[in-house]
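Subject: The structure we talked about

Hi,

Here is the structure I promised to pass on. Have a look at it first, and then read my notes below.

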Amino acid sequence: MFYELCDEVNELDWAVALQQLIELLQDALKQTNRKIKTLIQSQLKQWIAGLPNYIKAYLPISLCES
């Protein structure tokens, strides 16, 4: 199964994958309690702050703002 899907994953644009990951996390945040939501948002902000600017350019604007 891995080998069958390997080509599809290889063709996935990293910027699209990153945007989809962020969207998935945003959707999950809507369904969690306040404590977990705060923890995830804090970790995301730290992670995004450490990314190079050329990668930040691909992220939704609302996530890049401090």
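How many salt bridges does a search of the whole structure find? The answer is 1. Please keep in mind throughout that this is a predicted model. The pair in question is Asp27 and Lys30, whose closest N and O atoms are 3.9 Å apart. As a reminder, side chains of opposite charge can pair when their charged atoms come close. Neither partner is buried: Asp27 is partly exposed, because its relative accessibility is 41%, and Lys30 counts as exposed, with 68% relative accessibility.

Now for the overall picture. The protein chain contains 5 helices and 0 strands, so if you read along the sequence you meet the pattern α-α-α-α-α. There are 66 residues in the chain, and 15% of them count as buried. The accessible surface of the protein chain is about 5700 Å², and carbon and sulfur atoms account for 56% of that.

Helix 2 is where I spent some time. This helix runs over residues 14–29, which makes 16 residues. At 1.5 Å a residue it should span 22 Å, and its end C-alpha atoms are 23 Å apart, so the two values agree. Which residues of helix 2 are buried? They are Ala15, Leu18, Ile22 and Leu29. These residues lie on the same side of helix 2, because the arc they cover around the axis is only 65 degrees.

Two leucines in this helix are worth a look side by side. Leu18 lies in helix 2 and has a relative accessible area of 12%, so it falls under the 20% cut-off for buried. Its C-alpha atom is 7.6 Å from that of Leu59, although the two residues are 41 apart in sequence. Leu25 also lies in helix 2, but with a relative accessible area of 26% it is partly exposed. The C-alpha atoms of Leu25 and Lys37 are 10.0 Å apart, and 12 residues separate the two along the chain.

Next, please find Tyr58. Where does this residue sit? Tyr58 is in the loop between helix 4 (53–56) and helix 5 (61–64). Is Tyr58 buried, partly exposed or exposed? At 38% relative accessibility, Tyr58 counts as partly exposed. Along the chain, Tyr58 and Val16 are 42 residues apart, yet their C-alpha atoms are separated by 8.5 Å. Tyr58 also belongs to a nonpolar patch on the surface, which it forms with Trp14 and Tyr54. Together, the three residues have about 370 Å² of accessible area.

Finally, a note from the databases. UniProt lists residues 15–42 as "coiled-coil region", and the entry is unreviewed. In the model, the chain over residues 15–42 is 86% helix and 0% strand. The end C-alpha atoms of that stretch are 22 Å apart.

If you only have a few minutes, I would start with the Asp27 and Lys30 salt bridge, then turn to the buried residues of helix 2, and end with the patch formed by Trp14, Tyr54 and Tyr58.

Happy to go through any of this with you over coffee.

Best wishes

How values were computed
Residues numbered from 1 in each chain as written. Predicted model: local features only at pLDDT ≥ 70, side-chain atom pairs only at ≥ 80, totals over all residues. Heavy atoms only, no water. Helix = DSSP H or I, 4+ residues; strand = E, 2+ residues; numbered from the N terminus. Expected span 1.5 Å × (residues − 1). Buried < 20%, exposed > 50% of the residue type's maximum accessible area, 1.4 Å probe, protein only. Arc of directions from axis to C-beta. Patch = residues over 30% accessible without salt bridge, like charges linked within 9 Å, V, L, I, M, F, W, Y side chains within 5 Å. Areas by Shrake-Rupley, 256 points an atom, 1.4 Å probe, with all protein chains shown as cover. Salt bridge = Lys/Arg side-chain N within 4 Å of Asp/Glu carboxyl O. UniProt positions renumbered as here; feature names shortened; annotations may be inferred.
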